[in-house]
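Reader: I am new to this one. Could you take me through it, one question at a time?

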Amino acid sequence: MDTLNALVALANFVLVPSIAYGSQLALGALGVTLIYGILRFSNFAHGDTMAFGAMATIIVTWWLQSLGISFGPLPTALLALPAGALATALLVLATDRLVYRFYRRKRAQPVILVIVSMGVMFVMNGLVRFIIGVDDQRFADGARFIISARDFKEMTGLREGLAIKSTALLTVVVAIIVVAVLFWFLNRTRTGKSMRAFSDNEDLALLSGIDPERVVRITWIIVACLATVAGVLYGLDKSFKPFTYFQLLLPIFASAIVGGLGNPIGAIAGGFVIAFSEITITYAFKKTALYLFPVWEVEGLIQLLSTEYKFAVSFAILVVVLLFRPTGLFRGKAL
Amino acid sequence: MTLSRRDIILFLSVIGLIVLTGFLQSWNVALGIFNMGLISAIMALGVNMQWGYAGLFNVGIMGFVALGGLGVVIISMPPVHEAWAAGGIRVITALLVGGATIAAAVFGWSRMAKGRVRILFLVALLVVGFFVYRQLFDPAVIAIEAISPAATGYLGGLGLPVLLAWPVGAALAAGAAWLVGKTALGLRSDYLAIATLGISEIIIAVLKNEDWLSRGVKNVVGIPRPVPYEIDLQNSDSFVSLVSGWGLDPVPVSTITVKLAYAGLFLTVLALLLWLAQAALSSPWGRMMRAIRDNEVAAEAMGKDVTARHLQIFILGAAVCGMAGAMMTTLDGQLTPGSYQPLRFTFLIWVMVIVGGSGNNFGSVLGGFLIWYLWVMAEPGGLFLIEAVTAQLEDGHWLKEHLIKSAAHMRHLTMGVILLLVLRFNPRGLIPER
Amino acid sequence: MTGTTGAPFLVGAGMTGGYGHGVNIIFDCTIAVDKGEITVIVGPNGAGKSTAMRAVFGMLNLSEGEVRLDGDDITSLSPQDRVAEGMAFVPQTANIFTSLTVEENLEMGAFLRRDDISRTMEQVYALFPVLKEKRRQAAGELSGGQRQQVAVGRALMTQPRLLLLDEPTAGVSPIVMDELFDRIIEVSRSGISILMVEQNARQALAIADKGYVLVQGRNAYTGSGKSLLADPEVRRSFLGG
């Protein structure tokens with residue numbers, strides 16, 4: 001029984017949150033990796049693109065709520081998501097047209113594009129702060145829990161509860177759908193294949209008559225959708241605060257690099273590696289240990305690292321990968 | 001190199017802007033801008049060494065600046081003797097054990113034969129080392145932080161003159177830069193960017209959470225000054241009689257005097273660094289650096305150890321940023337770990353370097369002053385603009401209220417737009433490299 | 001198919017030019033390909049063989065000379081536009097999409113086509129049966145010779161009238177080379193004209209209808225493959241006796 005309790009505690013505080021957080025990171029890392037694969041630079045504005053997408057969705061959500069429209073047990077934000085993604089797509093397409101295209105034509109070095117993306121980050125950050133401010137915004141509605149801790153205890157008779165927030169399940173389901181659609185698109189459609197071809201060998205793609213500008217446009221639209229979905233899911237699961245999205249940049253880049261920059265499967269794997277490590281290492285194992293070894297006098301929380309240092313976990317993994325396998329677990333570079 | 005007439009006019013214009021602020025607003029504000037402008041210029045100088053000389057992309061400036069601030073606390077604050085008695089030695093021992101574990105791991109990794117034994121040994125060493133470290137560290141920290149937490153709750157510093165903290169701050173930043181550089185240099189340029197971004201977040205997290213070291217978010221205040229206090233000047237008979245003799249009020253003059261004293265110190269450091277940077281740039285070493293930047297492959301083929309040179313310049317640049325950070329904390333008289341924001345301390349410095357002219361030291365100095373001035377002025381300027389635009393709307397209109405409330409965020413937008421415009425239309429900056 | 005009678009199918013006449021704004025590499029160089037024939041460019045290292053072929057394909061700036069395809073002046077067309085006009089180019093290196101499957105490589109070759117490509121794909125598979133076996137494998141996992149087959153196959157998917165091959169046998173074993181040459185003959189028999197740059201001059205001239213020997217960016221010898229092989233001057237200078 002105590003072993004079961006220990007497992008439930010572990011599932012409740014490590015497994016479920018890691019899966020949800022991992023899905024959010026994976027979606028973010030996919031965006032970064034797609035830009036890297038097609039446009040060949042690390043997009044520092046990605047965190048703020050996510051913030052913009054989430055913000056656009058929140059505003060539409062508020063509007064829907066004010067009209068009295070809801071989505072039953074699901075959050076209204078899901079209804080607003082397409083509108084948010086559309087707004088974000090328009091923003092990034094405009095950015096590409098006004099900013100990035102110039103450097104692409106000049107065949108500028110990647111590092112110049114990274115600096116340019118820093119400027120774009122400033123602008124997007126300013127836009128988001130300007131429109132919605134810097135404060136926390138809660139916009140989740142609908143059912144709070146699939147299973148609450150109390151229900152679970154009553155159902156099973158265990159002492160430990162397993163709470164599954166509806167947003168956690170939603171995150172996973174939406175992430176699976178989005179990733180499935182993305183992979184179907186990349187592997188089964190002519191346009192998706194042309195994107196992979198372009199990422200693999202730009203010159204040969206040109207010789208085959210693939211229009212680079214079209215590939216770039218479609219990439220931005222996909223990235224905008226991914227960023228919006230990731231941003232909204234993260235906001236629903238935690239809360240929306242513009243600055244936290246900037247801070248997500250580090251774990252997102254760590255995920256993408258750990259998996260292999262430019263490799264979508266790697267980005268997903270990397271997202272879960274980072275999420276699981278971050279949460280496991282900052283989890284206080286005291287409860288679990290008490291169940292498993294009741295005779296052991298437990299001192300302290302048995303926490304490897306305090307939660308404030310979760311960035312250090314992404315960073316440490318990143319460093320290890322850079323030292324021992326700079327191309328990432330899945331050998332990056334092409335889509 | 002000498003400054004052209006155009007460059008001198010640019011410098012004079014920026015100084016003119018600040019002087020104008022003195023006349024229109026107050027000399028106190030103008031000198032405040034000037035002092036932070038000096039510090040910004042030094043930060044920009046450090047980043048320019050890395051980017052302009054060597055093409056290294058550092059996104060962790062904030063971390064190096066904050067380490068400089070920590071240096072000030074460690075050097076200049078009086079030691080807290082009870083805390084040292086409670087756990088000082090134990091904390092130091094714990095840190096040494098931690099460091100020794102890592103050193104042993106690195107040593108073992110390089111000396112042992114490849115294979116499963118090496119991996120097992122390494123994992124065992126790290127795990128055991130970690131737990132020993134925590135066993136020593138945790139109780140010591142609890143003991144230190146229990147010593148009158150409202151007033152101290154940390155080890156304090158060495159109680160040495162604060163000016164000594166400036167080179168120490170530089171050394172701390174250099175140490176961190178060595179760690180990052182060892183890992184990420186020699187790989188793709190984006191990797192260095194991500195690694196520096198990570199280390200800077202971690203440094204800030206350490207400052208915020210290791211209360212025994214930096215008091216965390218409780219801040220360290222009352223850092224000793226290298227210059228006199230206003231109140232002492234006001235109480236000094238000779239000062240009061242001198243100032244009154246000129247027919248001036250001693251109170252405002254005392255604050256200005258203090259600011260001028262800081263300005264003198266900062267100006268000295270800036271001049272010294274600028275002179276050193278210029279000398280380095282025109283030396284054979286500087287020429288080699290630029291040769292490497294312009295064609296890494298060719299330089300490597302000529303037998304230059306590119307990664308080692310890059311590490312060198314990366315550490316130097318970080319040290320300059322660390323020194324600027326120490327100077328800033330000295331000027332503030334307090335260390336507030338919660339106030340370090342990447343947009344302010346990393347990306348704004350980048351705007352300074354790019355706008356000023358990457359690769360040109362004078363350009364960086366100019367960019368430091370100009371962008372700092374704009375950063376300060378963007379907020380009231382934005383408010384003024386928005387009030388002008390919304391003048392037609394009645395008071396209390398929701399849009400007007402919202403816009404006026406948001407005016408403070410105009411500066412990010414402004415800086416981003418400035419950066420993008422300069423990169424696009426004048427990528428070599430105001431004073432280009434020559 | 002309305003070319004002026006007697007004029008070659010493709011001709012690059014009096015071409016002088018180089019890359020970017022750098023120095024000229026080829027000088028008053030003329031290359032012509034007759035319909036359905038194999039034409040080979042040979043010569044010592046650095047003679048500008050590949051450059052001459054790229055000039056024909058529009059990949060460098062010509063200061064003098066013109067390129068005509070089937071009677072039409074295409075001198076000012078970009079390489080992409082020349083693909084649309086029925087030219088296909090197989091570069092010497094990086095000529096496949098390594099992370100795509102063999103079949104996807106062929107599909108990408110036919111990217112511009114809007115009609116049914118399955119027949120062309122069957123023709124390519126008939127020509128290179130091994131590719132059909134490996135159609136679901138990533139092209140980067142194949143051997144050197146097989147990669148070259150993928151590269152040629154990708155180019156054939158555009159249903160070109162003219163195929164340009166830049167050293168198709170570079171880095172493959174002699175057996176594979178013979179096999180590749182056999183396939184190239186087969187391609188030309190299907191009515192596709194071929195222009196090929198080759199390092200293995202003797203073998204290439206043996207299958208060529210026409211050959212050009214370039215020296216220092218200029219035409220040195222021109223003739224049928226057989227006559228060049230028989231020319232004692234050519235033999236002594238370029239074929240090693």
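**Questions on a predicted model**

Reader: What covers the buried residues of helix 3 of chain C?
Author: This is a predicted model. The cover comes from more than one chain: it includes helix 7 of chain A. From chain C, it includes helix 4 (118–127), helix 5 (129–133) and helix 6 (144–156).

Reader: How many residues of helix 3 of chain C are buried?
Author: Helix 3 of chain C spans residues 102–109 and is mostly covered. Among its buried residues are C:Val102, C:Leu106 and C:Met108. C:Glu103, C:Glu104 and C:Glu107 are buried too. The count is 8 of its 8 residues.

Reader: Which element of chain A gives the most to the side that touches chain C?
Author: In this pair, 14 residues of chain A are in contact with 17 residues of chain C. Two elements give two or more residues to the chain A side: helix 7 (190–200) and helix 8 (202–207). By class, that side divides into 6 nonpolar, 4 polar and 4 charged residues. The most, 5 residues, comes from helix 7 of chain A.

Reader: Which chains share the most contacts?
Author: There are 2 pairs of chains in contact. Chain B and chain C are not joined by any contact; their closest C-alpha atoms lie 19 Å apart. The pair that shares the most contacts is chains A and B.

Reader: Which helix supplies the largest share of the side of chain A that touches chain B?
Author: Here 37 residues of chain A are in contact with 35 residues of chain B. Helix 3 (77–105), helix 4 (110–132), helix 11 (249–259) and helix 14 (310–324) of chain A each supply at least two residues of the chain A side. That side has 27 nonpolar, 8 polar and 2 charged residues. The largest share, 15 residues, comes from helix 4 of chain A.

Reader: How far apart are the centres of the two domains of chain B?
Author: Domain 1 of chain B covers 5–79 + 156–425, and domain 2 covers 80–155. In their contact, 7 residues of domain 1 meet 12 residues of domain 2. The domain 1 side divides into 3 nonpolar, 2 polar and 2 charged residues. Taken over C-alpha atoms, the centres are separated by 33 Å.

Reader: Where is confidence highest in chain B?
Author: Chain B averages a pLDDT of 91, and 100% of the residues score at least 70. Confidence in chain B is lowest in helix 17 (residues 398–406), at a mean of 83. The highest, at 96, is in helix 3 (residues 61–76) of chain B.

Reader: Which element gives the most to the side of domain 1 of chain C that touches domain 2 of chain C?
Author: Chain C is divided into domain 1 (1–86 + 164–241) and domain 2 (94–159). Their C-alpha centres lie 24 Å apart. The contact takes 10 residues from domain 1 and 9 residues from domain 2. On the domain 1 side, the most, 5 residues, comes from helix 7 of chain C.

Reader: Which residues touch the most other members of the largest nonpolar core?
Author: The largest nonpolar core has 294 residues. One of the residues asked for is C:Leu164. Leaving out residues up to four places away in sequence, C:Leu164 touches C:Met53, C:Val56, C:Phe57, C:Met87, C:Ala88, C:Phe89, C:Val90 and C:Leu195. The full set is B:Ile42, B:Ala173, B:Val320 and C:Leu164.

Reader: Is C:Glu167 buried or exposed?
Author: C:Glu167 lies in the loop between strand 7 (162–166) and helix 7 (174–189) of chain C. Its phi is positive, about 45°, although it is not a glycine. A residue counts as buried if 20 or more other C-beta atoms lie within 10 Å. C:Glu167 has 20 within 10 Å, so it is buried.

Reader: What is the phi of C:Asp70?
Author: C:Asp70 lies in the loop between strand 4 (61–69) and strand 5 (72–73) of chain C. C:Asp70 is buried because 20 other C-beta atoms lie within 10 Å. Most residues other than glycine have a negative phi. The phi of C:Asp70 is positive, near 55°.

Reader: Which residue takes a positive phi in the hairpin of strand 9 and strand 10 of chain C?
Author: Strand 9 (residues 210–215) and strand 10 (residues 218–224) of chain C run antiparallel, joined by 6 bridges. One bridge pairs C:Lys210 with C:Ser224. The hairpin has 2 residues between the strands. The positive phi, near 50°, belongs to C:Gln216.

How values were computed: Residues are numbered from 1 along each chain as its sequence is written. Chains are lettered from A and ligands numbered from 1 in the order in which they are written. This is a predicted model: local features need pLDDT of at least 70, side-chain atom pairs count only at pLDDT 80 or more; totals for chains, interfaces and linings use all residues. Helices (H or I, at least four residues) and strands (E, at least two) are DSSP runs, numbered from the N terminus. A residue is buried if 20 or more other C-beta atoms lie within 10 Å of its own, exposed if 12 or fewer, and partly exposed in between; C-beta atoms are placed from the backbone. Domain bounds come from an automatic or database domain assignment. Ala, Val, Leu, Ile, Met, Phe, Trp, Tyr, Cys and Pro count as nonpolar, Asp, Glu, Lys and Arg as charged, and the others, Gly among them, as polar. A nonpolar core is a set of buried Ala, Val, Leu, Ile, Met, Phe, Trp, Tyr and Cys residues joined through C-beta atoms within 7 Å. pLDDT is the predictor's confidence in each residue, from 0 to 100. Two strands pair if DSSP finds at least two bridges between them.
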